[in-house]
Amino acid sequence: MLQVAAYLGSSDCVCKLELPMSSVWLMTLVRCMLCTRPISGLDKMTQDRIASLLLQAFLHIVPAPGETHTFSSKLQFHLHPMVGNSAAGDSSLVRGLLVEVQDNSPWDHHRCPEQLVLKRDPNGKIVTALFDISMAGDPSDGYPDGLHLESDVPLGLVDVEGVMVGRILEMVEYVVRQGVGFVGCQKCVHRRVKSYCEGQGVVMLDRLSSVYMNAVKNVTGGEVISSFSLNYPSSWWGALNSITPMVIQDKRFLILEGSSPQATLVLHCNSDVEADELVPLCRGIVSILEMSLYHPHVVYGGGCMETMLGAYLQQKLRDGVTSETLAQLQCDRRTYISVINMIVTSFDLVARYLGRAGGLVVSDLSTHHCWQFPSVDELEGMSQDQQTSVLAIKACSCGAVALSELPHGCQWRCLHPGEVVPSVLMEAAGRIGLSPMVEQDSRRRSHCVSAIDLSFMKMKAVELSGELASSLLRIAYVLRAAT
């Protein structure tokens, strides 16, 4: 398997091609990845909708040529699932970071206002400050810097909470005087502190999760403050270009937009099961799109890569194996041939299940692509003209090769174990190119690759399968030795 992985990574691999960075090819790649999870039962229109949103998100967060990420080396893609009475086709894309607003925010008693009166600096930016310490004034959360409770002072004579809130307010007043217009806090904030910020035109968001805090830090470019002080360096502040209120299904959100490109996919799901499947899938698709920037090569999908790799291994067998190779592998010629045949059979099994269910799955011996044809019963129930009409516009599983492009008399190999290619298919396929209707029907076929996979991911998958097989063989050897 390591030899196969090395072949996939080489420039001689015939099932690999360079990925053009065009919307058509990227959309094809996204669609193919999105169709790998059939549990949620998304129809084609919904799949195209989500694929389009994911591609839009990726293109939005990718820096333009010559630009670099401002605050983070990783593309900033966020996903917010909305589970309830809504379908996945209702999903939408938000350009920016979408942050849910807690119900106790002082300015959202009813609904988010259409616009917020925002405090900006002379450059039009909204200065931000982020804290991961409690501002609730609760003594159990600890005391602000410089405060401590003397052991000989009775608790009933001291308003500990009031003193703590007063010290927190002093710190917040200092922050506001520095021109800060947005304060985010990972923990709770006292209502007096919130009311003060509201009166000063400062947006205060509390109870941000650690995930939100990291995302807000990236979008603002500021530092997270973990102590109370009246002398913070200005380099700790961040900045936002805009803060926009938004309401989705009676839930209130803020859209934060900064200098670094951010995108949030609002993914609607009917159930938690659908969300559990689609959320990691969508994250993985964007990660693979990002990986394509560094490894811009794809392989034929739909089982074509597997049948082509099988043909490569069979050609290796025909070329013969050297004694040096056998010595390196520490096996005899018979074992080597047996293992290669088993790998080819495994590739055939994968190719069969990558296509549509039912019908015949075969491989041609000219290009070694994978093909799915109607079943024998269906073909025998058609007239010769009907067979020719159906097969004239037929393409391989990945869409790269049309049946009419194969040489006349091309031979076939059945991927079903123990079966041969039926004569009715060979006769029907042999008539392609000899019938006058083929040229007309071929023009109606949209000839393009319709199924692709990222070459780097396939290569890693082949390497992993080889390592797994090797580990299983070692375990089996140990068990046999123990008995």
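In which loop does R207 lie? Select R207 in this predicted model, and the view settles on the loop between β7 (203-205) and α6 (210-220). The backbone deserves attention here, since R207 has a positive phi of about 55 degrees although it is not a glycine. With a relative accessible area of 36%, R207 is partly exposed.

Next, select H368, which sits in the loop between β14 (360-364) and β15. H368 likewise is a residue other than glycine with a positive phi, near 65 degrees, and at 24% relative accessibility H368 counts as partly exposed.

From the backbone, turn to the aromatic rings, of which the structure holds eight pairs. Select Y174 and Y232 together: their rings form a tilted pair, 6.2 Å centre to centre, with 50 degrees between the planes. This pair links distant parts of the chain, for Y174 belongs to helix α4 (residues 160-177) and Y232 to the loop between β8 (224-225) and β9 (238-240), 58 residues apart. Y174 is buried at 9% relative accessibility, and Y232 is buried as well, with a relative accessible area of 5%.

Move on to F373 and W412, whose ring centres are 5.6 Å apart and whose planes stand at 80 degrees, so the pair is edge-to-face. F373 lies in strand β15 (residues 370-373) and W412 in strand β16 (residues 412-414), so the pair ties together parts that are 39 residues apart in sequence. Both F373 and W412 are buried.

To finish, return to Y174 and Y232 and add F131, W236 and W237 to the selection, as ring pairs link these five residues into a cluster.

Notes: Residues numbered from 1 in each chain as written. Predicted model: local features only at pLDDT ≥ 70, side-chain atom pairs only at ≥ 80, totals over all residues. Heavy atoms only, no water. Phe/Tyr/Trp six-rings, centres within 6.5 Å; stacked < 30°, edge-to-face > 60°. Helix = DSSP H or I, 4+ residues; strand = E, 2+ residues; numbered from the N terminus. Buried < 20%, exposed > 50% of the residue type's maximum accessible area, 1.4 Å probe, protein only.
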